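Visitor: Hey, can we go through the charged side chains in this one? I'm new to this, so plain words please.
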Amino acid sequence: YTTSDAILGSQRPAALRPQGPIFQFIDTKKMKARNTETWPFFNAVDADLTATSASEVFVQFVQFKIFGLLPVKAPSSATGSLDTTYLDSEMRIGRGDKGNLFVLLLEKPGCLL
């Protein structure tokens, strides 16, 4: 679940919004993340993470993938932060730097990028 208009695509025409689930993969060893849309476009974004406190990371978006195939380098201004406010073995709740709420459930333990 998220309130992020950018992730939900709420500014896009309905036909261009993600219709399936949206996944986030975080590799804590490499400090990398990937958000992926599923049906119908399979867009994705890769990011580097830098811990700024015990609960917060700085996010530097690195590359977007359009249709899951066409790589587009992210501008250096494509940044954000995420503060994890609740974490257990199956759920993570956090807030982004724009105030958006993120509630994520673990689907594949041990999945690495």
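Guide: Sure, let's talk about salt bridges and then a charged residue without one. Keep in mind that this is a predicted model.

Visitor: Okay, how many salt bridges does the structure hold?
Guide: The structure holds three.

Visitor: Start with E37. Which residue does E37 form a salt bridge with?
Guide: R12 is the partner of E37, and their closest N and O atoms are 2.9 Å apart. This pair links distant parts of the chain: E37 is in strand β2, which covers residues 32-37, while R12 is in the loop between α1 (5-8) and β1 (22-27). In sequence, E37 and R12 are 25 residues apart.

Visitor: Is E37 buried or exposed?
Guide: E37 is buried, with a relative accessible area of 10%. R12 is partly exposed, at 26%.

Visitor: Why does 10% count as buried?
Guide: E37 counts as buried because its 10% falls under the 20% cut-off for that label.

Visitor: Got it. Now K32, what does K32 pair with?
Guide: K32 forms a salt bridge with D48, and the closest N and O atoms there are 2.7 Å apart. Here too, distant parts of the chain are linked: K32 sits in strand β2 and D48 in strand β3 (residues 44-51), 16 residues apart.

Visitor: And how accessible are those two, D48 and K32?
Guide: D48 is partly exposed at 30% relative accessibility. K32 is also given as partly exposed, at 33%.

Visitor: What about R34, which side chain does R34 meet in a salt bridge?
Guide: That's D46, at 2.6 Å from N to O. R34 lies in strand β2 and D46 in strand β3, so this salt bridge ties together parts that are 12 residues apart in sequence.

Visitor: Are R34 and D46 buried or partly exposed?
Guide: R34 is partly exposed at 31% relative accessibility, whereas D46 is buried at 19%.

Visitor: Switching topic: where does D27 lie?
Guide: D27 lies in strand β1. D27 is buried, yet it has no salt bridge.

Visitor: Huh. Which side chain of opposite charge is nearest to D27?
Guide: That would be K30, 4.4 Å away. D27 and K30 aren't a salt bridge because 4.4 Å isn't within the 4 Å cut-off.

Visitor: So what does the backbone nitrogen of K30 do around D27?
Guide: The backbone nitrogen of K30 lies 3.1 Å from a polar atom of the D27 side chain.

Notes: Residues are numbered from 1 along each chain as its sequence is written. This is a predicted model: local features need pLDDT of at least 70, side-chain atom pairs count only at pLDDT 80 or more; totals for chains, interfaces and linings use all residues. Side-chain values use heavy atoms; hydrogens and water are left out. Helices (H or I, at least four residues) and strands (E, at least two) are DSSP runs, numbered from the N terminus. Buried means under 20% relative accessible area, exposed over 50%, partly exposed in between (1.4 Å probe, protein chains only). Lys and Arg count as positive and Asp and Glu as negative; His and the chain ends are not counted. A polar contact is a pair of N or O atoms within 3.5 Å; within protein, one must be able to donate a hydrogen and the other to accept it, and residues adjacent in sequence count only if both atoms are side-chain atoms.
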